[in-house]
Amino acid sequence: MSFDLATVADGTQLRWTHAGSVSGVMGLMTKFYSMEKAIAPDMEKGLAKLAKVVEN
């Protein structure tokens with residue numbers, strides 16, 4: 001997982017990415033289920049908490 005920070009006009013943009021290969025059952029599962037949809041809500045919650053910490 002990587003996090004990229006960039007300065008933008010109204011603050012800072014954070015882009016997170018996750019890359020890697022999967023095999024077996026997990027590889028098959030990713031054909032039918034979006035892993036981004038699975039982890040995105042948790043990442044959004046974490047980013048919201050991070051924003052509260054750094055903005056105060």
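**Pockets, a hairpin and a nonpolar patch**

Phe 32 lies in helix α1. That makes α1 a handy place to start a tour of this model, which is a predicted one. Phe 32 also belongs to a nonpolar patch on the surface, covering about 710 Å². Its companions there are Val 22, Met 26, Leu 28, Met 29, Tyr 33 and Met 35. Helix α1 turns out to be the main contributor to the patch, handing over four residues.

Some of these names come back once the pockets are looked at. As a bit of background, empty space shows up when a probe the size of a water molecule is rolled over the atoms. The largest pocket found here has a volume of about 280 Å³. Val 22, Met 26 and Met 35 are among the residues lining this pocket, and these three are part of the nonpolar patch too. The rest of the lining is made up of Trp 16, His 18, Ala 19, Gly 20, Ser 21, Thr 30, Glu 36 and Ile 39. Sorted by class, the lining of the largest pocket comes out as six nonpolar residues, four polar ones and one charged one. Two helices, α1 (24-32) and α2 (35-55), put in at least two residues each. The largest share belongs to α2, with three residues.

Next comes the second largest pocket, which holds about 210 Å³ of space. Its walls are built from Leu 5, Gly 11, Thr 12, Leu 14, Leu 47, Leu 50, Ala 51, Val 54 and Glu 55. Here the elements giving two or more residues are strand β2 (11-17) and helix α2. Again α2 gives the most, this time with five residues. Six nonpolar, two polar and one charged residues make up the lining of this second largest pocket.

That leaves the strands. Strand β1, residues 2-8, runs antiparallel to β2, and the two are paired over seven bridges. The link between β1 and β2 is a hairpin, with just two residues doing the joining. Across the pairing, Asp 4 sits opposite Arg 15 of β2, while Thr 7 faces Thr 12, again in β2. Thr 12 has already appeared above, as one of the residues lining the second largest pocket. As a general point, side chains in a regular strand take turns pointing to one face of the sheet and then the other.

Notes: Residues numbered from 1 in each chain as written. Predicted model: local features only at pLDDT ≥ 70, side-chain atom pairs only at ≥ 80, totals over all residues. Heavy atoms only, no water. 1 Å grid on protein atoms, 1.4 Å probe; cavity = no way out; pocket = protein on both sides within 12 Å on 5 of 7 lines; lining within 4 Å. Points joined across faces, edges and corners; volume = space filled by probe spheres on them. Nonpolar A, V, L, I, M, F, W, Y, C, P; charged D, E, K, R; others polar. Pairing = 2+ DSSP bridges. Patch = residues over 30% accessible without salt bridge, like charges linked within 9 Å, V, L, I, M, F, W, Y side chains within 5 Å. Areas by Shrake-Rupley, 256 points an atom, 1.4 Å probe, with all protein chains shown as cover. Salt bridge = Lys/Arg side-chain N within 4 Å of Asp/Glu carboxyl O.
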